[in-house]
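Let's take a walk through this model together, going from the overall outline down to single side chains. Keep the viewer open and rotate as you read.

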Amino acid sequence: SASMRELNRVIRDDELGKFYLTIACGIIRDELRLSGGLIKDEAANKVRIVSGGDGSEGSRDIETVVRPREHLRFGDGLEATLCEVELVTGRSHQIRAHLAHIGYCLLGDGKYGKLQNDKKMGFDKQALYSYKLTFDFTTDGGILQYLSGKTFTVKKVWFAEQLFGDKYKELL
C-alpha cells in the first residue's frame with residue numbers, strides 16, 4: 001500500500017524518532033552517545049558488538065543515545081539507572097547488546113545480562129519498552145504528512161510504574 005511504502009521511506013530516511021525506556025544495571029551519570037558495529041549470530045539468536053563499526057567482520061553500523069533519568073538503589077545493594085534510549089539506527093537486540101557491551105546490562109535480561117536477583121525482584125523479563133515515536137519529516141511526507149511534528153507516547157510502562165509510580169512521567 002502507499003502508506004506502507006511511505007512509512008518504510010520515513011524509517012529509512014531517519015524521519016522517525018524511536019525512544020525506549022529501560023533500567024540499566026549500574027549508575028550511568030551522563031548522556032552516552034554509543035557507536036560501533038553489530039554482528040548477528042543467527043544460530044545463537046544473539047548479536048555481538050565490535051568497536052569501530054567499519055563493516056569489518058560483516059558488522060552493521062549502530063548508534064545509540066542513552067539519557068539517564070533517575071538512579072535506583074535496591075535493598076540488596078543493586079544500583080540501576082532509569083534511562084531513555086534513542087535509537088539512531090535500529091537493529092535487532094541493539095539496545096540490550098550495546099549497553100551490555102559497555103557494562104550496563106538491562107534489568108531482567110537473561111540473554112545479555114546476569115539475572116542475579118532480578119527474578120526475585122519481579123523482573124523475569126528485560127526492563128525495555130518502546131514508549132515514544134516522533135515524526136519529524138524533512139521531506140514531503142506524502143500520504144503520511146499529517147503525522148509530521150507529532151509524537152506518540154505510551155501512557156503506562158510496567159517496570160517504570162512498578163518502581164516509581166506515576167513519578168516516572170515527570171522524569172522524561
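What follows starts with the whole chain, moves on to the sheet and the helix packed on it, and ends with a few individual residues.

First, some housekeeping. This is a predicted model, in which local features need pLDDT of at least 70 and side-chain atom pairs count only at pLDDT 80 or more, while totals for chains, interfaces and linings use all residues. Residues are numbered from 1 along each chain as its sequence is written, and side-chain values use heavy atoms, with hydrogens and water left out.

Start with the overall dimensions. Along its principal axes, the C-alpha trace spans about 55 × 45 × 30 Å. The chain has a radius of gyration of 17 Å, which agrees with the value near 16 Å for a compact globule of 172 residues; the radius is taken over C-alpha atoms, and the globule rule is 2.2 Å times the number of residues to the power 0.38. About 9,300 Å² of the chain is exposed, and carbon and sulfur atoms supply 47% of that. Those areas come from the Shrake-Rupley method with a 1.4 Å probe, and for residues only the protein chains shown count as cover.

As for the interior, 44% of the 172 residues count as buried. Here buried means under 20% relative accessible area, exposed means over 50%, and partly exposed is in between (1.4 Å probe, protein chains only). Take the contacts between residues at least 6 apart in sequence: 63% of them join residues at least 24 apart. A contact, by the way, is heavy atoms within 4.5 Å.

Now for the secondary structure, which comes to three helices and seven strands. Helices (H or I, at least four residues) and strands (E, at least two) are DSSP runs, numbered from the N terminus. Reading from that end, the elements go α-β-β-β-β-β-α-β-β-α.

How are the strands ordered in the sheet? The sheet is open, its seven strands lie in the order S3-S2-S4-S5-S1-S6-S7, and the pairing is antiparallel. Strand S3 (46–50) and strand S7 (151–153) stand at the edges with a single partner strand each, so one side of each has no neighbour in the sheet. From one strand to the next, the twist averages 35°. For pairing, DSSP has to find at least two bridges between two strands. In general, strands of a sheet pair through backbone hydrogen bonds, either parallel or antiparallel.

Let's look at some of the pairings. S1 (residues 16–25) and S5 (residues 79–87) run antiparallel and are joined by eight bridges; Leu-21 has Glu-84 in S5 as its bridge partner. S2 and S4 also run antiparallel, with seven bridges between them, and here Ser-35 stands opposite Glu-63 in S4. Five bridges hold the antiparallel pair S2 and S3, where Ile-39 has Arg-48 in S3 as its bridge partner.

The hairpin of S2 and S3 has four residues between the strands, and Asn-45 takes a positive phi near 50° there. Asn-45 is partly exposed, with a relative accessible area of 40%.

Next comes H2 (residues 94–101), which packs on the sheet and touches S1, S2, S3, S4, S5 and S6. Its direction makes about 70° with that of S4; axes are lines fitted to C-alpha atoms, for helices over the stretch in contact, and angles run from 0 to 180 degrees between N-to-C directions. Is H2 mostly enclosed or open? Six of its eight residues are buried, so H2 is largely enclosed by the rest of the structure. The buried residues are Gln-94, Ile-95, Arg-96, Ala-97, His-98 and Leu-99. Check the backbone around H2 too: His-93, in the loop between S5 and H2, has a positive phi of about 65° although it is not a glycine, and just after H2, Gly-103 takes a positive phi of about 95°.

Finally, find Arg-67 in strand S4. Arg-67 is buried, with a relative accessible area of 16%. Which residues does its side chain meet through polar contacts? One polar contact, of 3.3 Å, joins the side chains of Arg-67 and Glu-31, and another, of 2.8 Å, joins those of Arg-67 and Glu-86. A polar contact is a pair of N or O atoms within 3.5 Å; within protein, one must be able to donate a hydrogen and the other to accept it, and residues adjacent in sequence count only if both atoms are side-chain atoms. Leaving aside neighbours within four places in sequence, Arg-67 is also in contact with residues including Phe-19, Leu-82, Cys-83 and Glu-84.
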